[in-house]
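Subject: Structure for you to look at

Dear colleague,

I am handing over the structure we spoke about, and below it I have set out what I found when going through it. Please read the notes with the model open beside them.

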Amino acid sequence: MVSLSDMTVKKFRHPSKLDLGHKKFEIVQQSLKKESLYGCVEFSKSKITIDPNMSPEDYRSTLLHEICHVGLDLFGLGDDDEMPSFGNEYITAVTSNMMVLLAGLNPELFSFIFSPTNSRHAPVEGHESPRPSRKSDCPKSGH
Ligand SMILES: [Zn+2]
């Protein structure tokens with residue numbers, strides 16, 4: 001069964017939740033054209049929104065970009081104005097621990113992101129309409 005709203009926007013097939021272990025973020029595929037964004041995180045709503053109207057390559061990297069925002073926030077690296085100073089060893093430990101944790105908790109989602117030739121993950125319908133001038137994310141509302 002396909003609803004009318006599903007027919008107007010092409011969607012990528014992947015899990016609709018990002019599991020952080022202690023809670024989950026919803027992943028919504030929805031046009032962000034009005035906001036001039038490719039993707040964004042709303043921490044107060046535990047929600048990631050990605051605009052599916054882009055190439056599979058751009059979609060995957062945008063999804064990973066937003067997941068990294070959530071993951072780094074989980075490790076205490078939230079707002080830019082609260083950023084501590086750190087060196088290579090610290091940011092490497094945070095990044096590698098974050099990726100191992102999130103990839104382990106979300107195997108299907110990361111398989112989608114890192115399996116670019118897997119045709120099962122191709123867009124369901126529609127065609128490419130890249131908007132290269134748009135930014136990749138939005139302010140973290142309520143955080
Ligand atoms: Zn960003």
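I begin in the sheet, where E2 and E4 pair in the parallel sense over 4 bridges. Within that pairing, Ile27 stands opposite Ile48 in E4, and both isoleucines will come up again when I turn to the core. Please keep in mind throughout that this is a predicted model.

The other pairings are antiparallel: 3 bridges join E1 (residues 17-19) to E2, and 4 bridges join E3 to E4. As individual examples, Lys17 has Glu26 of E2 as its bridge partner, while Val41 is bridged to Ile48 in E4. Taken together, the strands form an open sheet of 4 strands in the order E1-E2-E4-E3, with mixed pairing. E1 and E3 stand at the edges with a single partner strand each, so one side of each is left without a neighbour in the sheet. From one strand to the next, the twist averages 20 degrees.

For orientation in the chain as a whole, there are 4 helices and 4 strands, and from the N terminus on the elements follow the order α-β-β-β-β-α-α-α. Of the 143 residues, 21% count as buried. Among contacts between residues at least 6 apart in sequence, 61% join residues at least 24 apart.

E2 shows an alternation of its side chains, with Phe25, Ile27 and Gln29 pointing to one face and buried, whereas Lys24, Glu26 and Val28 point to the other face and are not buried.

Which residues touch the most other members of the largest nonpolar core? Of its 16 residues, they are Leu18, Ile27, Ile48 and Ile50. At least two residues of this core come from each of E2, E3, E4, helix H2 (56-74) and helix H4 (107-113), and H2 gives the most, with 3 residues. As general background, nonpolar side chains tend to be buried together in soluble globular proteins. Leaving aside residues up to four places away in sequence, Ile50 touches Ile27, Gln29, Gly39, Tyr59, Thr62, Leu63 and Glu66.

H2 itself has 19 residues and reaches 27 Å from its first C-alpha to its last, close to the 27 Å expected at 1.5 Å a residue. This helix lies across E1, E2, E3 and E4, and runs at about 25 degrees to E3. Its buried residues are Tyr59, Arg60, Thr62, Leu63, Glu66, Ile67, His69 and Gly71, and the elements that the buried residues of H2 pack against are E1, E3, E4, helix H3 (88-105) and H4. Several of these names, including Tyr59, Thr62, Leu63 and Glu66, also appear among the residues that Ile50 touches.

Some backbone angles may also be worth your attention. In the hairpin of E1 and E2, which has 4 residues between the strands, Gly21 takes a positive phi near 95 degrees, and Gly76, which follows H2, has a positive phi near 90 degrees. Ser36 and Ser46 are not glycines, yet Ser36 has a positive phi of about 55 degrees and Ser46 has a positive phi of about 50 degrees. Ser36 is placed in the loop between strand E2 (24-29) and strand E3 (39-42), and Ser46 lies in the loop between E3 and strand E4 (47-50). Are these serines buried or exposed? Ser36 counts as exposed because it has 11 C-beta neighbours inside 10 Å, where exposure requires 12 or fewer, whereas Ser46, with 15 such neighbours inside 10 Å, counts as partly exposed.

Finally, a word on confidence: the chain averages a pLDDT of 83, and 75% of the residues score at least 70. Over residues 126-133 the pLDDT stays under 50, and for this stretch the model has 7 contacts beyond four places in sequence.

With best wishes

Terms used
Residues numbered from 1 in each chain as written. Predicted model: local features only at pLDDT ≥ 70, side-chain atom pairs only at ≥ 80, totals over all residues. Buried ≥ 20, exposed ≤ 12 C-beta atoms within 10 Å, placed from the backbone. Core = buried A, V, L, I, M, F, W, Y, C linked by C-beta atoms within 7 Å. Contact = placed C-beta atoms within 7 Å. Pairing = 2+ DSSP bridges. pLDDT = per-residue confidence, 0-100. Expected span 1.5 Å × (residues − 1). Axes fitted to C-alpha atoms, helices over the stretch in contact; angles between N-to-C directions.
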